[in-house]
Amino acid sequence: MKKVFRCSSCNWRFHSGHAPRLCPYCGKEETIVAASVHSADDLISDAE
């Protein structure tokens, strides 16, 4: 199952089966973190 990750350097989001060492977009090392995924309802609730 693929998870959502993002690069803490360039903020690029992508799906992968595991956290890679390098960002596939900018190529920086050790910047990949798990991205939090919110539903549209969660985002609307947070904005209120």
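The protein has one helix and three strands, and in sequence order the pattern is β-β-β-α. The model is predicted.

**Whole chain**

Start with everything selected and the surface switched on. The accessible surface comes to about 3,900 Å², and 52% of that area belongs to carbon and sulfur atoms. Of the 48 residues, 19% count as buried. Take contacts between residues at least 6 apart in sequence: 22% of them join residues at least 24 apart.

**The nonpolar core**

Next, select Phe5, Cys7, Phe14, Cys23 and Ile32, and show their side chains. These five residues form the largest nonpolar core of the protein.

Keep Phe5 on display and add its surroundings. Neighbours within four places in sequence aside, Phe5 is in contact with Trp12, Arg13, Phe14, Ser16, His18 and Ala19, and also with Ile32, Val33, Ala34 and Ala35. Two of these partners, Phe14 and Ile32, belong to the core as well.

**Cysteines**

Now select Cys7, Cys10, Cys23 and Cys26. How many disulfides are there? The count comes to zero. For Cys10, the closest cysteine sulfur is that of Cys7, at 3.7 Å, which is too far for a bond because a disulfide requires sulfur atoms within 2.5 Å. For Cys23, the closest cysteine sulfur is in Cys26, also 3.7 Å away and too far for a bond.

Is Cys23 buried or exposed? Its relative accessibility is 3%, so Cys23 counts as buried. Cys10 is partly exposed, with a relative accessible area of 29%.

**Ser16 in strand β2**

Move to Ser16, which sits in strand β2; that strand covers residues 13-16. Ser16 has a relative accessible area of 13% and is therefore buried. Show the backbone of His18 together with the side chain of Ser16: a polar atom of that side chain lies 2.7 Å from the backbone oxygen of His18. Then bring in the residues further along the chain. Leaving out neighbours within four places in sequence, Ser16 is in contact with Met1, Lys2, Lys3 and Phe5. Phe5 is the core residue visited earlier.

**The loop between β1 and β2**

Select Asn11 next. This residue lies in the loop between β1 (3-7) and β2. Which sign does phi take at Asn11? Phi is positive, about 65 degrees, although Asn11 is not a glycine. With a relative accessibility of 52%, Asn11 counts as exposed.

**The loop between β2 and β3**

Finish with Glu30 and Thr31, selected as a pair. Glu30 is found in the loop between β2 and β3, and Thr31 lies in that loop too, with β3 spanning 32-34.

Glu30 has a positive phi of about 55 degrees and is not a glycine. At 60% relative accessibility, Glu30 is exposed, whereas Thr31, at 12%, is buried.

What does Thr31 touch, apart from its neighbours within four places in sequence? Thr31 is in contact with Arg6, Cys7, Ser8, Ser9 and Cys23. Among these, Cys7 and Cys23 are members of the largest nonpolar core. Show Thr31 with Cys7 and Cys23 to view these contacts alongside the core.

Terms used:
Residues numbered from 1 in each chain as written. Predicted model: local features only at pLDDT ≥ 70, side-chain atom pairs only at ≥ 80, totals over all residues. Heavy atoms only, no water. Core = buried A, V, L, I, M, F, W, Y, C linked by side-chain atoms within 4.5 Å. Buried < 20%, exposed > 50% of the residue type's maximum accessible area, 1.4 Å probe, protein only. Contact = heavy atoms within 4.5 Å. Helix = DSSP H or I, 4+ residues; strand = E, 2+ residues; numbered from the N terminus. Polar contact = N/O pair within 3.5 Å; in protein donor to acceptor, adjacent residues only side chain to side chain. Areas by Shrake-Rupley, 256 points an atom, 1.4 Å probe, with all protein chains shown as cover.
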